[in-house]
Structure formats: structure tokens, C-alpha cells
Amino acid sequence: MSETEKKLIEVSNLKKYFPVKGAFGINKNKYVKAVDDVSFYIKKGETFGLVGESGCGKSTLGRTITRLYDVTDGKVIFDGRDIARLGKKELKPYHKRMQVIFQDPYSSLNPYMNVSEIIDEPMAIHSNLSRVERMEKIEELLKRVGMKKSDMEKFPHEFSGGQRQRIGIARALSIEPEFVLCDEPISALDVSIQAQVVNMLEDFQKDMGLTYLFVAHDLSMVKHISSRIGVMYLGKIIEISESRNLYKNPLHPYTKALLSSIPVPDPKKASAALNKIIEGELPSPMDIPTGCRFRTRCPYATPICSEKEPEMKEVDKGHTVACHLF
Ligand code: SF4
């Protein structure tokens, strides 16, 4: 791997389990296995698309990597250092280097703060800029995301969903991070606005050399922005490929089903389209089937699929898949 292809993030055997609460408190024997032994890497400067149905664990994976959640087990190597078990104080410099753009721009913006206060908040914590310099930077950032200086005094409720997402982007980029988790940043927006936001993210990436993990619920949303894509199912990544190759030559039966459900912008409808192709609902992450976790919905399942969980295998350069058919 050349210098330009250096790994910024390498995740090894990562697990994030949530304990289940019952009538008598937490049940220590039952867990929601939201992320269950995931390994992959993200190269410096690339956009890695992460796709899967609602409830597959993709947002939890992103939030565990950025340490918004504690790690149950495994490693998260960020720029050469394992940050999986760092405490709050040791994590502070990494929180400056890693930022998040959330799906719902309304609930992620403090309704009692005006736009300048919202964008200033991370800069006041993480930068050495004076207040005057920070205000100049806010003005400049607002211009870059297509908003006006006069918007600085306004509050989140005065803006449309697309404008609120622009404010969220300006806030995340104000402290010049290296890595940004884009957690379904366009799913809640009108189709007409989605392309504008994606183009804006691409422009920032070029100018600032950013690395993105772009989470989405269907493959059509990550098609243009991602250099590589990982497909997630029930807590595991089951296929990784260069973007163009994944659309041309999908291998895993689940990836094929996801591709057949394009284009359906609404996640509920996308799921319904998928269920027509593969019978059955997504199983609960509390009751993961033995063997291949996709076998209860897979039309090609054979006896080995219930006995052994398939491991990720490289079948072509840069194209890995977890399925006994390969
Ligand atoms: Fe289907 Fe078996 Fe492959 Fe799983 S391992 S996707 S059940 S063929």
C-alpha cells in the first residue's frame, strides 16, 4: 500500500453489544449484538460507503469507531494508535480529528443556540482561535455551505431540513477534522437536495483532504460518493468491494437483493421490495441464527450454511465476501 493509500482507520474484530433490560433490571446473559466481530479499514482520503437495512448495526459501527460508544471488544486503530479503550481525557485530541454529521439535522442542533453559537461550540473547545477569528471563520464556512452572514443570528427552527444539514456540516468541519462519520446525512432530505449535499461533501473532501465513512440504507445513495463499499447484515460486514465493481459484479446474495431494490428512496419501502425477493424479515440481533446469519432469508442456503458461519474471503483483488458459495 503506497503512502497515498495509507490506512487512516483499521478496525479489527470489533464488537459492540448492548445489555438487554428486563422486568428485573439488566439481563447479563442477553445482549443485542449490534456489531459482532467486524474487521475492515478505511484509506486516508477515501470515502468508504457502509450500507444495510435499518437495524443492521451500521450507525452503531460508525459511532463505536468514533468512540461516541464504548467498545465491547476489538481494536480501532486510528492513525496508528488503538483508541478502543482510551478514557475521556485521552480521547479529546481524537474527537477533534473525528467529527460526525448526523441524519436528523434538527435533533442534532441545539434549538436554544443560534447558528453562530452552534458552529462556534466545537471551535471554542478544540481550537486556539480568538473569538474574532472564530466569527470570521463562521462567516466563511456559512458562505461555503451556501448560506448568508445574516443567518448567524437565526435559530434552527427558522431553516428547512436542507439548510439545517448545511449548518451541521459547517459545525462538523469548523475544527478541520481528518475523518468524518456521515451518518445517513441525506436520508431525511428531499431527493432534490440530496445531490447538492453530496456534491458539497465531495468539494470539502477535495479541499481539506477529508476521509469519510458514509452510512446509508441503500446502495443508490452511496454509489457516486464512495470509492469502496461495505455491505452490512445483522452486525457483520458480509461483502467489501471497490464501488464500481460492486455494482457490476455483486457476489453475496444479500448484496444482489439490495441492488434489486434500487431505486426506492424510502427505507420502509426499500425493505418491502427486498422482502419480495428474499422471504422473511430481518432477524433480531438478539437471536442471530447459527451458521450463516443470512440463511433464514437466503434462497441458495445449503446444509453447511446452518453449521458454519462463512468467513470473509478475498475472491478478487480488493473484493471480499462471506458466503459458502465462494
Ligand atoms: Fe446463502 Fe449460504 Fe451464502 Fe449464507 S453462506 S449467503 S445462506 S449461500
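**View 1. Lys223 and Arg228 each lie over the face of a tyrosine ring.** In this close-up, Lys223 lies over the face of Tyr247, at 5.1 Å from the ring centre. The model shown here and in the views that follow is a predicted one, and every distance and angle quoted is computed from it. Arg228 lies over the face of Tyr41, and in this case the distance from the ring centre is 4.4 Å.

**View 2. Aromatic pairs, with Phe40 and Phe48 as an example of a tilted arrangement.** Seven aromatic pairs are present in the structure. In one of them, the rings of Phe40 and Phe48 have their centres 4.9 Å apart and their planes at 40 degrees, so the pair is classed as tilted. Phe40 and Phe48 are both buried. Elsewhere, Tyr233, Tyr254 and Phe294 are joined by ring pairs into a cluster.

**View 3. The shell of residues around the ligand.** The ligand is surrounded by 13 residues, of which Cys292, Cys298, Cys305, Cys323 and His324 come nearest. Sorted by class, the residues of this shell comprise 10 that are nonpolar, two that are polar and one that is charged.

**View 4. The largest pocket and the residues that line it.** The space in the largest pocket amounts to about 680 Å³, and its lining is made up of 29 residues, with Ser39, Phe40, Ile240, Met312 and Thr320 lying nearest the pocket centre. Two or more lining residues are given by each of the elements β2 (25–43), β10 (236–242), β11 (313–316) and β12 (319–321). Of the lining, the largest share comes from β2, which supplies six residues. When the lining residues are divided by class, 11 are nonpolar, six are polar and 12 are charged. Phe40, listed here among the residues nearest the pocket centre, is also the partner of Phe48 in the tilted pair of View 2.

**View 5. Asp79 and Glu176, two loop residues with positive phi.** Asp79 is a residue other than glycine, yet its phi is positive, with a value near 50 degrees. The loop that holds Asp79 runs between β4 (73–78) and β5 (81–82). Because its relative accessibility is 29%, Asp79 counts as partly exposed. Glu176, likewise not a glycine, has a positive phi of about 50 degrees, and Glu176 is found in the loop between α5 (161–173) and β7 (179–183).

Methods
Residues are numbered from 1 along each chain as its sequence is written. This is a predicted model: local features need pLDDT of at least 70, side-chain atom pairs count only at pLDDT 80 or more; totals for chains, interfaces and linings use all residues. Side-chain values use heavy atoms; hydrogens and water are left out. Rings of Phe, Tyr and Trp (its six-membered ring) pair if their centres lie within 6.5 Å; planes under 30 degrees apart count as stacked, over 60 as edge-to-face and the rest as tilted. Buried means under 20% relative accessible area, exposed over 50%, partly exposed in between (1.4 Å probe, protein chains only). A charge sits over a ring if NZ of Lys or CZ of Arg is within 6 Å of the ring centre and within 35 degrees of the ring normal. A residue is near a molecule or strand if one of its heavy atoms lies within 4 Å of it. Ala, Val, Leu, Ile, Met, Phe, Trp, Tyr, Cys and Pro count as nonpolar, Asp, Glu, Lys and Arg as charged, and the others, Gly among them, as polar. On a 1 Å grid over the protein atoms alone, a cavity is a set of points where a 1.4 Å probe fits but cannot get out, and a pocket is an open set with protein on both sides within 12 Å along at least five of seven lines; lining residues have an atom within 4 Å of a point. Grid points are joined across faces, edges and corners, and a volume is the space filled by probe spheres set on the points. Helices (H or I, at least four residues) and strands (E, at least two) are DSSP runs, numbered from the N terminus.
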